[in-house]
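Reader: I should like a close look at one part of this protein and at how that part fits among its surroundings. Please begin with a single side chain and work outwards.

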Amino acid sequence: MIYDFHAHIYPDKLAARATEGVGNFYGLVMNESGTVNRLLEIGDDGGIDRFIVHSVATGAKQVETVNNFIADSMQAHPDRIVGFGTIHADYENKCEELERMISLGLKGLKIHPDSQRFCVDDPRMFEVYDYIQGRIPMLVHCGDYRYDYDNPDRIRKVLDAFPKLTLIAAHYGGWSVFDLAKEYLLDTNCYFDCSSSIMFMGAERSRELIRIYGAERFLFGSDYPMWSPKSELERLRSLGLTDRELQLMLTDNAEHILGK
């Protein structure tokens, strides 16, 4: 069983616009469509069995709509999709929505402080972290040299304040600030994913950091629709990792986090 722990999906009618918006945010040409069907097609072709999917509410008014869409997508493809919901710092009744999200069958939470425009260590989010710690995992976009919403020092503050929180620090813990992530997150209890990172760091540095942190802390993630999951899986496999390291990153760690 191979898991892609970092994939974004959008409703068919909105996918083109949403995908273009993400591309504009990062100054990149997006490689895929962002639809559920295309994601599953790539999975079939690339040998990826399950996707942990999510979408970001860029404003408080979008939270419930996004969570409903992710839950519906999970229910439509229960053998292929595991859904993570979202929340926003400006949303008023956070814990009520988190409970509703869990009742819909969503298995975790995803936040993207850069695009949501709040700091990950904003005190308004503390009730969220306290509510979910020990219950469901949280995947957090981490790092960007252009902003200071979720850089590794802020992630460290959250981890120190909420020690029972299962937090996956995306992009090696700090996209474009990879060394800063090592400085602040090496001795924490968080997990990492490898999405949108290997092509920027190169094979040698990517492999080195996996071994510094330990493969037991890493998850495979493609960042679809930014990249093709099939191509990203091939990129990971080209690093020269051991069979055991790949087993941890592709299967065992995901199943442990999801309680499989």
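**From one acidic side chain outwards**

Author: Glu232 is buried, its relative accessible area being 5%; buried stands for under 20% relative accessible area, exposed for over 50%, and partly exposed for what lies in between (1.4 Å probe, protein chains only). The model is a predicted one, in which local features need pLDDT of at least 70 and side-chain atom pairs count only at pLDDT 80 or more, while totals for chains, interfaces and linings use all residues. Residues are numbered from 1 along each chain as its sequence is written, and side-chain values rest on heavy atoms, with hydrogens and water left out.

Which residue does the side chain of Glu232 meet in a salt bridge? The partner is Arg235, at 3.1 Å from N to O; a salt bridge here is a side-chain nitrogen of Lys or Arg within 4 Å of a carboxyl oxygen of Asp or Glu. Glu232 and Arg235 both belong to helix 11 (residues 229-237), where 3 residues, about one turn of the helix, set them apart. Helices (H or I, at least four residues) and strands (E, at least two) are DSSP runs, numbered from the N terminus. Unlike the buried Glu232, Arg235 counts as partly exposed, with 30% relative accessibility. Elsewhere, Asp121, Asp148, Arg154 and Lys157 are joined into one network by salt bridges that share partners.

In general, side chains of opposite charge can pair when their charged atoms come close. The structure holds 19 salt bridges, and two further examples may be set beside the pair in helix 11. Arg205 and Glu208 meet at 2.6 Å, N to O, in a salt bridge. They too are 3 residues apart, about one turn, within helix 10 (residues 203-213). Here Arg205 is partly exposed at 22% relative accessibility, and Glu208 is partly exposed at 40%. Arg146 forms a salt bridge with Asp144, with 2.9 Å between the closest N and O atoms. In that pair, Asp144 is buried at a relative accessible area of 0%, whereas Arg146, at 33%, is partly exposed.

Helix 11 itself packs against a neighbour. Two packed helices are described by the angle between their axes and the distance between the axes. For helix 11 and helix 12 (residues 243-258), the angle is about 150 degrees and the axes are 11 Å apart. The axes are lines fitted to C-alpha atoms, for helices over the stretch in contact, and the angles run from 0 to 180 degrees between N-to-C directions. The two helices are therefore roughly antiparallel to each other; angles over 145 degrees count as roughly antiparallel, under 35 as roughly parallel, 65 to 115 as roughly perpendicular and the rest as oblique. Leu233, Leu236 and Arg237 of helix 11 meet Leu246, Met249 and Leu250 of helix 12. This contact comprises 5 nonpolar residues, no polar and 1 charged. Ala, Val, Leu, Ile, Met, Phe, Trp, Tyr, Cys and Pro count as nonpolar, Asp, Glu, Lys and Arg as charged, and the others, Gly among them, as polar.

Helix 12 also includes Thr251. Thr251 is buried, with a relative accessible area of 8%. Leaving aside residues up to four places away in sequence, Thr251 touches Met1, Ile2, Tyr3 and Leu246, contact being heavy atoms within 4.5 Å.

One of these residues, Tyr3, leads to strand 1 (residues 3-8), which has 6 of its 6 residues buried and is so largely enclosed by the rest of the structure. Strand 1 pairs with strand 2 in the parallel sense over 4 bridges; two strands pair if DSSP finds at least two bridges between them. His8 has His54 in strand 2 as its bridge partner. Strand 2 (residues 50-54) pairs in turn with strand 3, again in the parallel sense, over 3 bridges. An open sheet of 8 strands, with parallel pairing, follows the order 1-2-3-4-5-6-7-8. Strand 1 and strand 8 (218-219) stand at its edges with a single partner strand each, so one side of each lacks a neighbour in the sheet.
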